[in-house]
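Work through the following exercises on helix packing and cysteines with the coordinates open beside you. Each task is followed by a solution that proceeds step by step.

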Amino acid sequence: MTAIRPDTTTAINLAEMLAGLPVTGDPEEVCVTGVRHDSREVLPGELYIALPGGRFHGAQFASQAVSQGAAAILTDPAGAAQIAGTQVPVLVTDSLRPVMAAVSARVFGSPAESLQLFGVTGTNGKTTTVALLEAALTTAGHRVGTIGTLGFRIGGEPLASGRSTVTTPDSPDLQALLAVMRERDADAVAIEVSSHAMTLARVDAIRFTVTAFLNLGRDHLDFHPSLADYFEAKAALFVPERTRAAVVWIDDEHGRELARRAVGTGLPCATVGTRSEADYHILGYEALRPLGGRARLVTSSGPVELELGIPGWHNMIDAAMAFAMLESAGIPAAEALAGLRKAQVPGRMHVVDLPEGAPTVIVDFAHTPQAVTATLEALQGFRQVITVIGCGGDRDAAKRPLMGRAAAELSDLVIITDDNPRTEDPAQIRAAVLAGSRGYRAEVMESAERGQAIALALAKGKRDSVVAILGKGHEQGQQIGDRVVAFDDAVVAQAAWRQKEGKMVDEG
């Protein structure tokens, strides 16, 4: 399945598309109708972008792209050196990714200029905040598109795509998505903006209506050389060239630095936090039963009451951030608050539908130490907290013991299992999580097969227990080696409970 493209495109002269960009080569009198960076997907009349990769350079596939009808090729000097004898123009730039973003915007008619764009960045909470924005904007009468970890949606309906797990698509796919959303009458789009997206220029050629910084924790240090580099990637979003306004959580030290920088550039910046100097001062959080929360938000216009149908202080923070973003974009407070009250987030504090008498089972995407802590803090108050947790392979190994510790500090029972081991030895991953979990309040068990771990948790749980299955959330597969096996935590939990009930009937 190929990447999503709009139903209609207009051919654009290549020289016009490249005007003002640092590109060498003769575009001749060529017109193009689209942009692709995957040679397998190139359609006749499109521009093929030959990018350098981890193992191969895209230039090695230039002949395939041309055979499929590529009208021209854009690459870097290293790629150009590998391309010989093509019958189409070969254009060269030292700034390949920024140029790719610019030409992608131009070929699809600069769709961002026709949309209100809400950009959300932060280690934790991007997906929740985007879902909250979607709910509130819909209530306010907008037709909303969303782009992020959960996929792509327009008007609440998913768009079928051949997407990977990438949070923010590369610029040709992102600009095409925005063009599709414009084509299908969306007028507002909420986008998760990852640090990868910033580093790889995926959101270049876009100026957001408002952007938000949620927090900075330990993550993606398999991609960024340091935490400082990770922060700078996110901070680059908060300049007037990229956004018209900013909203920043200032309980986070990085947020305070970011707000200081934003103000220094002249960017309108609203601050949110528990600190009294925050423009949106959040206080008085109260958990609502069975699952939900309420807090007071003091603003320059007076106090408002935030209420959510999902539990947890961390989710209330995301709601406060979403509310501030909506006000910055001119959405009336009453409409924003009404939408937030109705919001639900797939795979985030998702309550699994089980019969009467079962423990409360929560599926959540928490896969960093901070997210594990926030999720489990939201579940305190149940008689027993049982946590099923693992860590992904081929990712930041240093966070594994920290996640084990976070789970053990806030659970009565922790069951350590596999979570997308990929090409690593699953036993070694589990051992690292186990090492961090020792010495805390929880009883700790190990169960390698994830389905068995979930069944064990349900077997140990009671009516007044909560079982938190963490790490995968909305995901529907388990990646083992180079294959993905169908696996949905919520579906597996339901099947495990039915099996348990069946055994109870047999024994009765």
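**Exercise 1.** Determine how helix 5 and helix 11 are oriented to each other in this predicted model.

*Solution.* Begin with the axes, which for helix 5 and helix 11 (residues 333–342) come within 7 Å and cross at roughly 130°. Angles from 65 to 115 degrees count as roughly perpendicular and those over 145 as roughly antiparallel, and helix 5 and helix 11 are therefore oblique to each other. The handedness comes next: helix 5 passes helix 11 in a right-handed crossing. On the side of helix 5 the contact involves Leu132, Ala135, Ala136 and Thr139, while helix 11 contributes Glu335, Ala336, Ala338, Gly339, Leu340 and Lys342. Sorted by class, these residues comprise six nonpolar, two polar and two charged.

**Exercise 2.** Describe the packing of helix 5 against helix 10 in the same manner.

*Solution.* Helix 5 (residues 126–139) packs on helix 10 (residues 313–328) at an angle of about 50°, and their axes lie 9 Å apart. Angles under 35 degrees count as roughly parallel and 65 to 115 as roughly perpendicular, so this pair is oblique. The crossing of helix 5 over helix 10 is right-handed. In the contact, Thr128, Thr129, Leu132, Leu133, Ala136 and Leu137 of helix 5 meet Asn315, Asp318, Ala319, Ala322, Met325 and Leu326 of helix 10. This contact consists of eight nonpolar residues, three polar and one charged.

**Exercise 3.** Are Cys269 and Cys391 buried or exposed, and how many disulfides does the structure hold?

*Solution.* Buried means under 20% relative accessible area, so Cys269, with 18%, is buried, and Cys391, with 5%, is buried as well. Searching the whole structure for disulfides gives zero.

Terms used: Residues numbered from 1 in each chain as written. Predicted model: local features only at pLDDT ≥ 70, side-chain atom pairs only at ≥ 80, totals over all residues. Heavy atoms only, no water. Axes fitted to C-alpha atoms, helices over the stretch in contact; angles between N-to-C directions. Helix = DSSP H or I, 4+ residues; strand = E, 2+ residues; numbered from the N terminus. Left-handed = near helix turned anticlockwise from the far one by under 90°. Contact = heavy atoms within 4.5 Å. Nonpolar A, V, L, I, M, F, W, Y, C, P; charged D, E, K, R; others polar. Disulfide = S-S within 2.5 Å. Buried < 20%, exposed > 50% of the residue type's maximum accessible area, 1.4 Å probe, protein only.
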